[in-house]
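Trainee: Please take a close look at one part of this model for me: the interface. I would like one connected account of what lies there and around it.

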Protein chains: 2
Amino acid sequence: MCEDRQSRRRRDPAATRTALLRAAGELFAERGFDQTTVREVASRAEVNQALLFRYFGSKQELFAEVLSHNSEALLDGGSPEELPRRILESVLSEHVGAGTEHTLVALLRSFSDERAARLLRDELGGAYAERLARFTDAPDAELRADLVLAWFFGVGMMRSVLRKSPLAEAPTEVVVDHLMRAVSLLLEKNSPTGGDED
Amino acid sequence: MCEDRQSRRRRDPAATRTALLRAAGELFAERGFDQTTVREVASRAEVNQALLFRYFGSKQELFAEVLSHNSEALLDGGSPEELPRRILESVLSEHVGAGTEHTLVALLRSFSDERAARLLRDELGGAYAERLARFTDAPDAELRADLVLAWFFGVGMMRSVLRKSPLAEAPTEVVVDHLMRAVSLLLEKNSPTGGDED
DNA sequence: GCGAGTAGTAAGCAGCTGCTTACTTGTCGT
DNA sequence: ACGACAAGTAAGCAGCTGCTTACTACTCGC
């Protein structure tokens with residue numbers, strides 16, 4: 001740090017792009033899409049704000065890039081049985097600004113933006129729900145999956161966005177434990193349906 | 001309707017105030033605090049936008065007034081046993097713009113606003129969680145209550161704000177049924193704790 | 001009828017937003 | 001060494017935001 005990058009480290013387009021993406025990812029997660037300005041992003045990245053438009057075209061496209069860049073990691077890898085736990089842990093990961101897991105927080109803060117809402121509902125939500133639905137053979141499996149997903153998102157919202165006590169301070173394992181127990185009731189095989197099924 | 005109110009029905013401050021509150025309530029629920037402009041509110045209320053500031057001082061105060069005006073109905077009335085179901089139904093009430101039940105939707109869309117977040121977390125959330133916690137005697141009753149509340153809010157978000165299928169289209173009773181069954185697992189008396197309690 | 005006070009109006013201000021443009025400066029192939 | 005092109009910069013634009021101000025005109029007590 002504190003190298004004289006004023007005139008030295010200039011002209012590094014890859015680093016500039018990365019810095020912008022990083023800063024944008026952090027700020028979108030911290031404040032949401034609306035509340036983040038391109039000037040803030042450029043400032044945190046220590047980059048001239050005109051470059052943001054040179055590299056990404058618009059604030060929306062930058063947002064989309066941040067999301068697609070980060071959301072892949074949420075869906076891939078790991079065994080299917082671990083999926084609920086993995087979604088949960090990504091939702092519960094506390095400290096925003098660390099790596100790439102805070103995409104969900106960014107989305108939960110930004111669904112006033114149409115694109116963010118679509119992504120949360122259709123792409124990410126759709127993929128999660130589809131996989132969760134496989135855990136049960138109940139006739140309304142998809143609805144049950146949606147309910148589970150809604151829970152995960154709701155917990156993420158209350159914990160990471162709103163930071164409500166005591167939920168925000170509870171150890172991750174305790175929260176996961178409670179949730180998984182209730183979820184298994186909704187998603188168990190040979191589920192004895194309550195009676196309603198349409 | 002269609003009376004020549006241009007010059008007739010003027011000079012009715014009470015009606016003007018009410019019209020502004022109504023329009024604001026609808027728009028905040030439809031678009032959230034950030035995405036709603038004072039010009040839109042005034043326009044929907046068919047009122048000059050300067051009057052909005054005469055009557056309410058600022059957009060923030062108008063928002064606060066809308067919320068306090070509507071949120072009382074959410075907490076009062078009904079027996080304690082019905083509380084979870086009542087919260088749920090207010091969260092699940094589909095059509096925004098009807099009466100006063102869409103306060104929660106407005107809040108869920110607006111928590112980028114600091115005041116909305118505080119209200120959702122501390123006042124409304126706090127009151128709900130406290131009451132929900134009374135349903136169980138588990139040592140971590142408050143955490144369990146938060147988890148239940150997070151679920152309700154999450155379901156409200158997915159259903160009323162994001163409108164994800166099939167959750168958005170599912171009959172209210174079916175959703176309530178599923179939720180109540182899982183909730184009773186978390187909030188039952190003499191709950192056999194999993195082992196963790198801090 | 002008439003002055004007073006207030007509901008209602010039109011116009012506009014300062015500040016911020018996303019985005020652009022005209023320009024300078026560094027880098028690299030030749 | 002130098003010319004060309006790309007990376008980086010400063011300044012500014014149009015549009016919108018919440019909010020204000022200077023004004024008109026209605027209503028009501030007298």
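Mentor: What follows starts from the relation between the chains and works outward from there.

This is a predicted model, in which local features need pLDDT of at least 70 and side-chain atom pairs count only at pLDDT 80 or more, while totals for chains, interfaces and linings use all residues; side-chain values rest on heavy atoms, without hydrogens or water. Residues are numbered from 1 along each chain as its sequence is written, and chains are lettered from A and ligands numbered from 1 in the order in which they are written.

Chain A is superposed on chain B by a rotation of 180 degrees with 0.0 Å of shift along the axis, and the RMSD is 0.0 Å (least squares on the C-alpha atoms of residues with pLDDT of at least 70 in both copies). That is the relation of a two-fold axis. In chain A, the residue that comes closest to this axis is Gly154(A), with its C-alpha at 1.8 Å. Of the interface residues of chain A, 100% are also interface residues in chain B, so the copies meet through the same surface.

Chain A has nine helices and zero strands (DSSP runs, H or I of at least four residues for helices and E of at least two for strands, numbered from the N terminus). Of its 198 residues, 48% are buried, where buried means under 20% relative accessible area, exposed over 50% and partly exposed in between, with a 1.4 Å probe and protein chains only.

The residues with the most contacts inside the largest nonpolar core, which has 127 residues, are Trp151(A) and Trp151(B). Such a core is a set of buried Ala, Val, Leu, Ile, Met, Phe, Trp, Tyr and Cys residues joined through side-chain atoms within 4.5 Å. In soluble globular proteins, nonpolar side chains tend to be buried together. Beyond its neighbours within four places in sequence, Trp151(A) is in contact (heavy atoms within 4.5 Å) with Leu179(A), Ala182(A) and Val183(A), and across the interface with Leu147(B), Ala150(B), Trp151(B) and Leu186(B).

His178(B) belongs to helix H9 (residues 172–187) of chain B. His178(B) is buried, at a relative accessible area of 4%. Again leaving aside neighbours within four places in sequence, the contacts of His178(B) are Asp140(A), Leu143(A), Arg144(A), Leu147(A) and Leu186(A).

There are also cavities to consider. Three of 30 Å³ or more are counted, a cavity being a set of points on a 1 Å grid over the protein atoms alone where a 1.4 Å probe fits but cannot get out, with lining residues having an atom within 4 Å of a point. The largest has a volume of about 110 Å³, taken as the space filled by probe spheres set on points joined across faces, edges and corners. It is lined by 18 residues, and those closest to its centre are Arg109(A), Ser112(A), Asp34(B), Arg109(B) and Ser112(B). Helix H6 (103–110) of chain A and helix H6 (103–109) of chain B are the elements that give two or more residues to this lining. In H6(A), seven of the eight residues are buried, among them Thr103(A) and Ser110(A).

Notes: On a 1 Å grid over the protein atoms alone, a cavity is a set of points where a 1.4 Å probe fits but cannot get out, and a pocket is an open set with protein on both sides within 12 Å along at least five of seven lines; lining residues have an atom within 4 Å of a point.
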